[in-house]
Amino acid sequence: MQAVAAESGDRGSCMRVDIITLFPEMFTGVLAASILKRAGEKGLAAYHLHQMRDYTTDPHGKVDDRPYGGGAGMVLMCQPVVDAVNAVEKMDLLPSRRVLLSPRGRRLDQKLAKELAREPRLMLVAGHYEGFDERIGQLIKPDEVSIGDYVLSGGELAAMVLLDAVVRLVPGVLGDETSPHSESFSTDELVEGGLEYPHYTRPREYDGLPVPEVLLSGDHAQIARWRRMKAQEITARLRPDLSVRMESPAAK
Ligand code: 6GU
């Protein structure tokens, strides 16, 4: 399965993704649809789900306990998490870049997604409950990553968001009609340089609303100019914080 696309020359090689979680079933739908699925089918990504509970030494399958010092909620214990990470690490010779999903982590952005897309192997560790025993971080030395300033019930949804953002950047994953180059370029523009220009498709008029004339003109230079202008307008209006970078001399 992996060998097929790995042989097709200019495409990227296969990224191995290990996911350690108490809720592997949350991932199955996401991994079986759209781009993440296609990356798997093309042999550009291989996903391995691991049930953290399988690694606890507790006879009742316990993975969490009450916090020392008191307080609300439960804390993930060191043993199941550390043993799971170490056991999963050994399942492949490739060393993994370890990412622990945590609201206190580095905020995920396009730059970090690109960085992670270059890794041959990712290990995502998703926790639930109040959090991880602090010593887990010291022992497994992960990068901690957050997807934004709001509280999720667990790291699973964050891991899926991260995975989608990362895997689509693995060379060869996006369609052939949009070359990896132009697609990742437009991705750069979208998030790093500003927002994208508006898109239109058929029909030429819908509910009294026409498609802008210039897009029907066939004049590609003029279309490119119009799109640049619209992208700047939209960015200035909706995301002035991103606009600043577009004004830089380098963009001219
Ligand atoms: Cl990575 N985990 C949790 N629990 N909440 C979050 C998050 C992660 N990122 C944003 N909120």
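**Exercise 1.** Is Glu89 buried or exposed, and what is its relative accessible area?

*Solution.* The model is predicted. Step 1: the relative accessible area of Glu89 is 15%. Step 2: a residue counts as buried under 20%. Glu89 is therefore buried, since 15% falls under that cut-off.

**Exercise 2.** Find which salt bridge joins Glu89 to strand S6, and state which parts of the chain the pair ties together.

*Solution.* Step 1: the side chain of Glu89 meets that of Arg121 in a salt bridge, 3.6 Å from N to O. Step 2: Glu89 belongs to helix H4 (residues 78-89) and Arg121 to strand S6, so the pair ties together parts 32 residues apart in sequence. Step 3: Arg121 has a relative accessible area of 0% and is buried.

**Exercise 3.** Arg121 also meets Asp18 in a salt bridge. Give the distance, the elements involved and the burial of both residues.

*Solution.* Step 1: the N to O distance between the side chains of Arg121 and Asp18 is 3.0 Å. Step 2: Asp18 lies in strand S1 (residues 15-21) and Arg121 in strand S6 (residues 121-126), so this pair ties together parts that are 103 residues apart in sequence. Step 3: both Arg121 and Asp18 are buried. Step 4: a network of salt bridges links Arg121, Asp18 and Glu89 with Arg16, Asp92 and Arg98.

**Exercise 4.** Describe the salt bridge between Arg97 and Asp143, then classify each residue by accessibility.

*Solution.* Step 1: the closest N and O atoms of Arg97 and Asp143 are 2.5 Å apart. Step 2: Arg97 is in strand S5 (residues 97-107) and Asp143 in strand S8 (residues 143-146); the pair links distant parts of the chain, 46 residues apart. Step 3: Arg97 counts as buried at 17% relative accessibility, whereas Asp143, at 32%, is partly exposed. Step 4: the structure holds 17 salt bridges, including this one.

**Exercise 5.** Which residues of helix H5 are buried, and where do they fall around the helix axis?

*Solution.* Step 1: the buried residues in H5 (residues 110-117) are Gln110, Leu112, Ala113, Leu116 and Ala117. Step 2: viewed down the axis of H5, the buried residues fall within an arc of 160 degrees, so they line one face of the helix. Step 3: residues three or four places apart in an α-helix point the same way, because there are 3.6 residues a turn.

**Exercise 6.** State how many helices and strands the protein has, and what share of its residues is buried.

*Solution.* Step 1: the protein has 10 helices and 10 strands. Step 2: 42% of its 252 residues count as buried. Step 3: the protein exposes about 14800 Å², with 55% supplied by carbon and sulfur atoms.

Methods
Residues are numbered from 1 along each chain as its sequence is written. This is a predicted model: local features need pLDDT of at least 70, side-chain atom pairs count only at pLDDT 80 or more; totals for chains, interfaces and linings use all residues. Side-chain values use heavy atoms; hydrogens and water are left out. Helices (H or I, at least four residues) and strands (E, at least two) are DSSP runs, numbered from the N terminus. Buried means under 20% relative accessible area, exposed over 50%, partly exposed in between (1.4 Å probe, protein chains only). Accessible areas come from the Shrake-Rupley method with a 1.4 Å probe; for residues, only the protein chains shown count as cover. The arc is that of the directions from the helix axis to the C-beta atoms. A salt bridge is a side-chain nitrogen of Lys or Arg within 4 Å of a carboxyl oxygen of Asp or Glu.
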